[in-house]
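Grab a pencil and take your time with the picture below. A few exercises follow it, each with a solution you can check yourself against.

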Amino acid sequence: MNEKEQQVYCNHCKEKVTWHIEPVNHQQQFFLTLFTLGMWAPIWIALTLMKIRCCDKCNATLYDE
Ligand SMILES: [Zn+2]
């Protein structure tokens, strides 16, 4: 697996860029879950499973076409 070598097109930079996985801020998610009385919990789980990719250049979120 050489997934890190793969470049993805960034809509912000208008070119192919390398990327990194955006780490989930679990402390922030925990407080959001408390604040919404547990309503946020499914989104927290989804964010953890999704592994959001971010552009190395501009930090924008990258989506698969
Ligand atoms: Zn970018």
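Here are four exercises on this predicted model, each worked through in steps.

**Exercise 1. Work out which elements the protein has and in what order they run.**

Start with the tally: the protein has 2 helices and 5 strands. Next, walk along the chain from the N terminus, and you meet β-β-β-α-α-β-β. Now check how the contacts spread along the sequence. Looking at contacts with a separation of 6 or more, 58% are between residues 24 or more positions apart.

**Exercise 2. Decide whether helices H1 and H2 are buried or lie largely in the open.**

First you need the cut-off: a residue is buried if 20 or more other C-beta atoms lie within 10 Å of its own. Take helix H1, residues 26-35: of its 10 residues, 0 are buried, so H1 lies largely in the open. Then do helix H2, residues 41-50: here too the number buried is 0 out of 10, so H2 lies largely in the open. To finish, zoom out to the whole protein, where buried residues make up 5% of the 65 residues.

**Exercise 3. Find the order of the strands in the open sheet of 3 strands, and say which are the edge strands.**

Begin with the general idea: strands of a sheet pair through backbone hydrogen bonds, either parallel or antiparallel. In this sheet the order is S3-S4-S5, and the pairing is antiparallel. The edges are S3 (19-21) and S5 (61-62), since each of them pairs on one side only. Now look at S4, residues 53-55: S4 and S5 pair over 2 bridges. For a concrete pair, find cysteine 54, whose bridge partner in S5 is threonine 61.

**Exercise 4. Look at leucine 37 and lysine 51: what is the sign of phi in each, and is each residue buried or exposed?**

Recall the background first: most residues other than glycine have a negative phi. Leucine 37 has a positive phi, near 55°, though it isn't a glycine. You'll find leucine 37 just after H1, in the loop between H1 and H2. For exposure, the cut-off is 12 or fewer other C-beta atoms within 10 Å. Leucine 37 has 8 C-beta neighbours inside 10 Å, so it counts as exposed.

Now repeat the steps for lysine 51. Its phi is positive as well, about 50°, and lysine 51 is not a glycine either. Lysine 51 follows H2 and sits in the loop between H2 and S4. With 10 other C-beta atoms within 10 Å, lysine 51 is exposed.

Technical notes
Residues numbered from 1 in each chain as written. Predicted model: local features only at pLDDT ≥ 70, side-chain atom pairs only at ≥ 80, totals over all residues. Helix = DSSP H or I, 4+ residues; strand = E, 2+ residues; numbered from the N terminus. Contact = placed C-beta atoms within 7 Å. Pairing = 2+ DSSP bridges.
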